[in-house]
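Hi there,

Here is the structure I promised to pass on to you. Have a look at it first, and then read on for what turned up.

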Amino acid sequence: MKSTAFIHDLQTRKQQAKQHMMRGAVTEDYTSDREVIVKMLNEALATELICVLRYKVHHYTANGRGARDAAAEFLEHAQEEQIHADKLAERISQLGAEPEMNPAVLTERAHSEYHSGGDTVEMLKEDLVAERIAISSYREMIQFIGDKDPTTRRLLEDLLAQEEEHADDLVELLEHIDAQ
Ligand SMILES: [Fe+2]
Ligand SMILES: [Fe+2]
């Protein structure tokens, strides 16, 4: 026999679901501090967008030893960081907030820095540092979210896995140049 408590719960849930229908994915039981999560996601978005630009300029200006292989990798990473940025922007808007894309504030919010100039080895090292920063900030965000927002957590876990691959690719390229 179903407990009446459960039925009551179901009715409350239905009522709550109807109450603020236009909040879409954000339901009454969304326990996370929405503003903190959105702020965090906007910082990640700024970081990804800065990464797109840094990888793009590295792609177009790679020179010296290992330039050809690195240039191809830089382009691939730029495209993947753009996909990351889009996924973050989509989640921010799902949470009812505006994805911050104002160029004037991006560098302030981003966790990593824009870089241009130098030879391919310098570029690879700069990118590796940026990836390592992204890895540790995604890890921290995932820990903060815990089980409060499984969808955001899953998204960040996917991004983290790809940043780890990026870092790995860069180390390989650096080792390859060293071996030449
Ligand atoms: Fe990324
Ligand atoms: Fe990356």
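Let me start with a single residue: Val-52 is buried, since its relative accessible area is 8%, and a value under 20% counts as buried. Please keep in mind throughout that this is a predicted model. Val-52 sits in helix H2, which covers residues 34–61. If you want a sense of distance, Val-52 and Ala-179 are 127 residues apart along the chain, and 28 Å separates their C-alpha atoms.

Now to the metals. Which residues hold the iron ion (ligand 1)? Its protein donors are Glu-48, which appears twice through OE atoms, Glu-81 (OE), His-84 (ND1) and Glu-163 (OE), at 1.9 to 2.3 Å from the ion. Along the chain, these donors of ligand 1 follow the spacing E-x32-E-x2-H-x78-E. Within this set, His-84 belongs to helix H3 (residues 67–94) and Glu-163 to helix H6, so the two tie together parts of the chain that are 79 residues apart in sequence. Both His-84 and Glu-163 are buried.

The iron ion (ligand 2) has its own set of donors: Glu-81 (OE), Glu-131 (OE, listed twice), Glu-163 (OE) and His-166 (ND1), with distances of 2.0 to 2.3 Å. Here the donor residues are spaced E-x49-E-x31-E-x2-H in sequence. Glu-131 in helix H5 (residues 120–145) and His-166 in helix H6 are 35 residues apart, and this pair links distant parts of the chain. Glu-131 is buried, because its relative accessible area is 2%; His-166 is buried as well, at 1%.

What connects the two ions, and how far apart do they lie? Glu-81 bridges ligand 1 and ligand 2, and the iron ions are 3.9 Å apart. You will also find Glu-163 among the donors of ligand 1 and among those of ligand 2.

Finally, a look at the surface. Glu-165, Asp-168, Glu-172, Glu-175 and Asp-178 form a negative patch there. Glu-165 is placed in helix H6, which runs over residues 150–179. Is Glu-165 buried, exposed or partly exposed? Its relative accessibility is 48%, so Glu-165 counts as partly exposed. Helix H6 therefore carries Glu-163, a donor of ligand 1, as well as Glu-165 from the negative patch.

I hope this helps you find your way around.

Best wishes

How values were computed:
Residues numbered from 1 in each chain as written. Chains lettered and ligands numbered in written order. Predicted model: local features only at pLDDT ≥ 70, side-chain atom pairs only at ≥ 80, totals over all residues. Heavy atoms only, no water. Patch = residues over 30% accessible without salt bridge, like charges linked within 9 Å, V, L, I, M, F, W, Y side chains within 5 Å. Areas by Shrake-Rupley, 256 points an atom, 1.4 Å probe, with all protein chains shown as cover. Salt bridge = Lys/Arg side-chain N within 4 Å of Asp/Glu carboxyl O. Lys, Arg positive; Asp, Glu negative; His and termini not counted. Charge placed at Lys NZ, Arg CZ, Asp CG, Glu CD. Helix = DSSP H or I, 4+ residues; strand = E, 2+ residues; numbered from the N terminus. Buried < 20%, exposed > 50% of the residue type's maximum accessible area, 1.4 Å probe, protein only. Donors = N, O, S within 2.8 Å, 3.2 Å for Na, K, Ca; no water.
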